[in-house]
Amino acid sequence: MAGESCGICGGDGRIANSFSGTTATCPGCHGTGRRSDDTGFRDVTKTKPSHFRQPNKAAVVEKQQGPASLEGVQLAREVSAAAHLSSATKAKLTLEIMEHEGTHGKCTQTFIKKVRKQLRPPGS
């Protein structure tokens, strides 16, 4: 099949445009005049080593285990020392302290008062 002449240009390697009178390279044989073995599919796989590099991934942020600020740690100790609260309520309040620190940077006085109000025993 490689020895046969091109079916588009007839082995000339060029095709002519009868309307404008111009000639161009044959798209079938690319100017060789012989039929190519091209099946129509080209391998476009990226083979450079740079194509195999992993994209820059953001570093995994470790979960905060407890409050970080001095006020938050003190408030968390008060929460854990409250005997009348259930363990689920203590966990919820500690999580609330950590989230407040995450948004505000530290525990504000208003937030501390709010949490201490929740720490009071019922009926007081």
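In this predicted model, Ala-16 touches Thr-22 and Thr-23, residues up to four places away in sequence not being counted. Ala-16 belongs to strand β1, which spans residues 14–16. Ala-16 is exposed, because its relative accessible area of 64% lies over the 50% cut-off. Cys-26 follows 10 residues along the chain from Ala-16. The C-alpha atoms of this pair are 9.1 Å apart.

His-30 sits in the loop between β2 and α1. Its relative accessibility is 62%, so His-30 counts as exposed. The backbone at His-30 has a positive phi of about 55°, although the residue is not a glycine. Most residues other than glycine have a negative phi.

Ser-69 lies in the loop that runs from β2 (23–25) to α1 (70–81). Unlike the exposed His-30, Ser-69 is buried, with a relative accessible area of 13%. That value is under 20%, which is why Ser-69 falls in the buried class. A polar atom of the Ser-69 side chain lies 3.1 Å from the backbone nitrogen of Gly-72. Beyond its neighbours within four places in sequence, Ser-69 is in contact with Glu-101, Gly-105, Lys-106 and Cys-107.

Two packed helices are described by the angle between their axes and the distance between the axes. For α1 and α2, the axes come within 9 Å and cross at roughly 170°. This angle is over 145 degrees, so α1 and α2 are roughly antiparallel to each other. On the α1 side, the contact is made by Gly-72, Leu-75, Ala-76, Val-79 and Ser-80. On the α2 side, Lys-90, Leu-93, Thr-94, Ile-97 and Glu-101 take part. By class, the residues of the contact of α1 with α2 divide into 5 nonpolar, 3 polar and 2 charged. Gly-72 and Glu-101 thus join this helix contact. Gly-72 also has its backbone nitrogen 3.1 Å from the Ser-69 side chain, and Glu-101 is also in contact with Ser-69.

The axes of α2 and α3 come within 12 Å and cross at roughly 180°. These two helices are therefore roughly antiparallel to each other as well. Helix α2 contributes Leu-93, Glu-96, Ile-97 and His-100 to the contact. Helix α3 contributes Phe-111, Lys-114, Gln-118 and Leu-119. The contact of α2 with α3 has 4 nonpolar, 2 polar and 2 charged residues. Leu-93 and Ile-97 of α2 take part here and also in the contact with α1.

His-100 is found in helix α2. At 11% relative accessibility, His-100 counts as buried. With neighbours within four places in sequence left aside, His-100 is in contact with Gly-105, Lys-106, Cys-107, Thr-108 and Phe-111. Among these residues, Gly-105, Lys-106 and Cys-107 also contact Ser-69.

Helix α3 comprises residues 109–119, and its buried residues are Phe-111, Ile-112, Val-115 and Leu-119. They lie on the same side of α3, because they cover an arc of only 100° around the axis. What covers these buried residues includes α1 and α2 (87–104). The face of α3 turned away from its buried side carries the exposed residues Gln-109, Thr-110, Lys-113 and Lys-117. Of the buried residues, Phe-111 and Leu-119 are among those in the contact with α2.

Conventions: Residues are numbered from 1 along each chain as its sequence is written. This is a predicted model: local features need pLDDT of at least 70, side-chain atom pairs count only at pLDDT 80 or more; totals for chains, interfaces and linings use all residues. Side-chain values use heavy atoms; hydrogens and water are left out. Helices (H or I, at least four residues) and strands (E, at least two) are DSSP runs, numbered from the N terminus. Buried means under 20% relative accessible area, exposed over 50%, partly exposed in between (1.4 Å probe, protein chains only). A polar contact is a pair of N or O atoms within 3.5 Å; within protein, one must be able to donate a hydrogen and the other to accept it, and residues adjacent in sequence count only if both atoms are side-chain atoms. Contact means heavy atoms within 4.5 Å. The arc is that of the directions from the helix axis to the C-beta atoms. Axes are lines fitted to C-alpha atoms, for helices over the stretch in contact, and angles run from 0 to 180 degrees between N-to-C directions. Angles under 35 degrees count as roughly parallel, over 145 as roughly antiparallel, 65 to 115 as roughly perpendicular and the rest as oblique. Ala, Val, Leu, Ile, Met, Phe, Trp, Tyr, Cys and Pro count as nonpolar, Asp, Glu, Lys and Arg as charged, and the others, Gly among them, as polar.
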